[in-house]
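Student: I'd like a close look at one spot in this chain, please. Start with a single residue, then work outwards and show me what surrounds it and what goes on elsewhere.

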Amino acid sequence: MLTRVILLPCIFVPETDTSTYYYSYMISILHSFLESGIILIDSRESDESEILKSIISSIDTWIPKFRYKAKEIIKQLRKRNRFVSTLIDQPINQICTLHSGDNCTKLYTSEDFYSTITKHSQCVSHSKTTLVEEYSISPLFKKLDRNSFFVGNNEWTEDEFEEKILVPLFRDAKRIGIYDRWIGRSIAEGRTNHQDTIKWFLNIFQTVATIRTDTIFEVYCGIDVRGISVPDLSTAKESLRNFEAGVKELYAYFKLFVKEETRGNALPHDRYLITNQTAIYIGRGFDLFVNANEPYPRVIRDVQIGYCSNSSEVENHYKDRRLRDL
């Protein structure tokens with residue numbers, strides 16, 4: 001759901017006879033990253049990436065109205081944590097040797113977990129390279145433009161789900177939040193399928209993400225206390241806390257929140273996965289396996305997945321003080 005790309009600074013350097021179409025085209029490329037793009041920048045000892053500095057210095061030469069719009073998009077990308085530092089094999093070459101005066105970056109790497117957009121094909125040795133002039137007709141554009149998936153019953157196995165959904169979402173994330181009231185409600189009904197999905201997600205997150213002291217993986221769920229006896233409620237709460245304790249032994253950054261749902265304060269029906277970079281909805285929730293007892297790779301239930309544009313409202317609803325913690 002998120003795609004890693006390196007934007008070579010040379011693509012932002014206008015020619016001497018540049019028309020307004022060039023600026024509009026470049027704005028559209030930047031804008032396409034707001035939904036589903038990760039922009040990789042070089043990791044250096046200095047506070048500012050050389051790649052990002054080169055991009056911004058090139059944009060500073062643009063016509064004012066396009067310059068302001070480009071910087072506004074970059075500001076939004078920063079806010080969404082879409083600039084991610086990574087080690088780059090070769091040092092920065094500030095001046096492109098092919099075109100005098102172009103701010104460019106030479107990269108030679110064997111890694112295959114990102115794409116590159118460049119002005120000159122000689123600037124990069126990589127299997128997933130897109131020339132800026134061909135971006136709008138490229139597979140990369142189609143990938144960034146895709147905003148939803150529908151998975152039919154038994155259509156995907158969990159390894160396909162990992163590759164297409166989980167790894168792109170988790171790889172650069174520092175904070176994960178799962179919001180699904182049925183994780184708690186199902187326990188009250190004696191079902192534990194959601195827990196298998198959470199363990200699976202945590203295993204992938206632990207494998208692909210950079211775990212830090214400030215890493216967070218939280219799950220928010222609820223129990224509808226209407227129509228449930230006091231002993232059954234107590235049993236459900238104990239079961240959830242035992243699950244949390246067992247998971248924390250493996251993943252210390254895990255935290256489970258259980259909310260009391262009543263007639264006046266119920267959690268949303270829709271289910272979400274929200275990171276510090278983006279947010280998606282999971283149509284049927286996190287009971288994802290057709291049969292959780294099958295060996296790897298298990299098959300996935302039918303599910304609709306798409307981007308969520310109001311993630312802050314979702315988080316605020318689940319963290320509403322009127323929803324008492326159980």
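Tutor: Let's start with Thr 18, which is partly exposed, with a relative accessible area of 22%. Buried would call for under 20%, so Thr 18 at 22% counts as partly exposed instead. Bear in mind that this is a predicted model. Thr 18 sits in the loop between β1 (3–7) and α1 (20–36). Now look across to Trp 62: 44 residues separate Thr 18 from Trp 62 in sequence, yet their C-alpha atoms are 9.7 Å apart in space.

That pairing of a sequence gap with a spatial distance leads on to the chain as a whole. Among contacts with a separation of 6 or more, 73% are between residues 24 or more positions apart. The chain has 326 residues, and 51% of them count as buried. Its secondary structure adds up to 9 helices and 14 strands.

Two of those helices are worth a stop. Helix α2 covers residues 50–59 and helix α3 covers residues 64–79; they pack at an angle of about 155 degrees, and their axes are 10 Å apart. Angles over 145 degrees count as roughly antiparallel, and therefore α2 and α3 are described that way. From α2, the contact uses Leu 52, Ile 56 and Ile 59. From α3, the residues are Arg 67, Ala 70, Lys 71, Ile 74 and Arg 78.

While you're on α3, find Lys 69 and Glu 72. They form a salt bridge, with the closest N and O atoms 3.5 Å apart. The two are 3 residues apart in the helix, which means about one helical turn lies between them. Neither end is buried: Lys 69 is partly exposed at 33% relative accessible area, and Glu 72 is partly exposed too, at 41%.

Carry on past the end of α3 and you get to Asn 81, in the loop between α3 and β3 (83–86). Check its backbone: phi is positive, at about 60 degrees, although Asn 81 is not a glycine. Asn 81 is partly exposed, with a relative accessible area of 34%. Asn 154 is another non-glycine with a positive phi, near 70 degrees. Asn 154 belongs to the loop between β8 (148–151) and α5, and is partly exposed at 44% relative accessible area.

From that loop, step into helix α5 (residues 158–170) and pick out Glu 162. Here's a charged residue that is buried without a salt bridge; Arg 298, the nearest side chain of opposite charge, is 7.0 Å away. A salt bridge needs the atoms within 4 Å. What Glu 162 does have is a polar contact of 2.8 Å between its side chain and that of Trp 200. Setting aside neighbours within four places in sequence, the contacts of Glu 162 are Val 167, Pro 168, Trp 200, Ile 204 and Tyr 296.

Follow Tyr 296 from there, since its backbone has a twist of its own. The peptide bond from Tyr 296 to Pro 297 is cis, with omega near -5 degrees. Pro 297 lies in the loop between β13 and β14.

That loop also holds a salt bridge: the side chains of Arg 284 and Asp 302 meet at 3.2 Å, N to O. Both residues are in the loop between β13 (279–282) and β14 (303–307), 18 residues apart, and the pair links distant parts of the chain. Arg 284 counts as partly exposed at 27% relative accessibility, and Asp 302 as partly exposed at 32%. Elsewhere, salt bridges with shared partners tie Arg 181, Arg 185 and Glu 261 into one network.

One more pair to click on is Arg 191 and Glu 189, a salt bridge whose closest N and O atoms are 2.6 Å apart. Arg 191 is partly exposed, at 33% relative accessibility. The full tally for the model is 19 salt bridges.

How values were computed. Residues are numbered from 1 along each chain as its sequence is written. This is a predicted model: local features need pLDDT of at least 70, side-chain atom pairs count only at pLDDT 80 or more; totals for chains, interfaces and linings use all residues. Side-chain values use heavy atoms; hydrogens and water are left out. Helices (H or I, at least four residues) and strands (E, at least two) are DSSP runs, numbered from the N terminus. Buried means under 20% relative accessible area, exposed over 50%, partly exposed in between (1.4 Å probe, protein chains only). Lys and Arg count as positive and Asp and Glu as negative; His and the chain ends are not counted. A polar contact is a pair of N or O atoms within 3.5 Å; within protein, one must be able to donate a hydrogen and the other to accept it, and residues adjacent in sequence count only if both atoms are side-chain atoms. Contact means heavy atoms within 4.5 Å. Axes are lines fitted to C-alpha atoms, for helices over the stretch in contact, and angles run from 0 to 180 degrees between N-to-C directions. Angles under 35 degrees count as roughly parallel, over 145 as roughly antiparallel, 65 to 115 as roughly perpendicular and the rest as oblique.
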